[in-house]
Amino acid sequence: DGAVKIDGKLYWNAKKGDDAKKLEDLFENRRSRKEYQEVAGKADWVKYPVLVRCDRSTPFEHLQKIMMIATHHGGVTRLQLGATQEVK
């Protein structure tokens, strides 16, 4: 539905015209925390992966926006994509 939820909390909904500020802030906050930094005290890169789950009807532009925010605001270098197949 275009919504980005993390631990059940809504951070961004593209279809409702939300800006991505809450999501950007989340990634920037995590980037600044030492326990997530690849090199303590340097916020260049983080050491946790981001898992994105969506279905085939999700427009690529939403996925692309999340990837860009994760890398630019979060320093994320590892991204995992998850998909499920419909059971017939």
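Helix axes here are lines fitted to C-alpha atoms over the stretch in contact, and the angle between two of them runs from 0 to 180 degrees between N-to-C directions. With that in hand, here's a quick tour of this predicted model. The protein chain has two helices and six strands, and reading along the sequence gives the pattern β-β-α-β-β-β-α-β.

**Overall picture**

- The C-alpha atoms of the protein chain fill a box of roughly 50 × 30 × 20 Å along the principal axes.
- The protein chain has 88 residues, and 27% of them count as buried.
- If you take contacts between residues at least 6 apart in sequence, 50% of them join residues at least 24 apart.

**How the two helices pack**

- Helix α1 covers residues 21-32, and its axis sits 9 Å from that of α2.
- The angle between α1 and α2 is about 30°, which makes the two helices roughly parallel, because angles under 35 degrees fall in that class.
- As for handedness, α1 and α2 make a right-handed crossing.
- On the α1 side, the contact is made by Leu23, Glu24, Phe27 and Arg31. Facing them from α2 are Ile66, Ile69, Ala70, Thr71 and His72.
- Sorted by class, this contact between α1 and α2 has five nonpolar residues, plus two polar and two charged ones.

**Two buried residues in α2**

- Alanine 70 belongs to helix α2. Its relative accessibility is 1%, so alanine 70 counts as buried.
- Beyond the residues up to four places away in sequence, alanine 70 touches Phe27, Gly75 and Val76.
- Alanine 70 and leucine 23 are 47 residues apart along the chain, yet their C-alpha atoms are separated by 8.7 Å.
- Histidine 62 is also in helix α2. With 10% relative accessibility, histidine 62 is buried too, because the cut-off for that label is under 20%.
- Leaving out residues up to four places away in sequence, histidine 62 touches Gly2, Trp12 and Ala14.

**Salt bridges**

- The count comes to four salt bridges; three of them are picked out below.
- Arginine 33 pairs with glutamate 35, and their closest N and O atoms are 2.5 Å apart. Arginine 33 is partly exposed at 35% relative accessibility, and glutamate 35 is partly exposed as well, at 44%.
- Glutamate 38 and arginine 78 form a salt bridge at 2.4 Å, N to O. This pair ties together distant parts of the chain, 40 residues apart. Glutamate 38 is in strand β3 (residues 37-39), while arginine 78 is in the loop between α2 (60-72) and β6 (79-82).
- Both ends of that bridge get the partly exposed label: glutamate 38 has 39% relative accessibility, and arginine 78 has 38%.
- Lysine 42 and aspartate 44 also meet in a salt bridge, this one at 3.6 Å, N to O. Lysine 42 is partly exposed, with a relative accessible area of 45%, and aspartate 44 is partly exposed at 37%.

**An exposed leucine in β6**

- Leucine 81 sits in strand β6. At 57% relative accessibility, leucine 81 counts as exposed, because that label applies over 50%.
- Exposed or not, leucine 81 does have partners: setting aside neighbours within four places in sequence, leucine 81 is in contact with Leu51, Val52 and Leu63.
- The C-alpha atoms of leucine 81 and proline 59 are separated by 14 Å, with their positions 22 residues apart along the chain counted as the distance apart.

**A positive phi in a loop**

- Most residues other than glycine have a negative phi.
- Aspartate 7 isn't a glycine, but its phi is positive, at about 55°.
- You'll find aspartate 7 in the loop between β1 (3-6) and β2 (9-13). Aspartate 7 counts as exposed, with 79% relative accessibility.

Technical notes. Residues numbered from 1 in each chain as written. Predicted model: local features only at pLDDT ≥ 70, side-chain atom pairs only at ≥ 80, totals over all residues. Heavy atoms only, no water. Salt bridge = Lys/Arg side-chain N within 4 Å of Asp/Glu carboxyl O. Buried < 20%, exposed > 50% of the residue type's maximum accessible area, 1.4 Å probe, protein only. Helix = DSSP H or I, 4+ residues; strand = E, 2+ residues; numbered from the N terminus. Parallel < 35°, antiparallel > 145°, perpendicular 65-115°, else oblique. Left-handed = near helix turned anticlockwise from the far one by under 90°. Contact = heavy atoms within 4.5 Å. Nonpolar A, V, L, I, M, F, W, Y, C, P; charged D, E, K, R; others polar.
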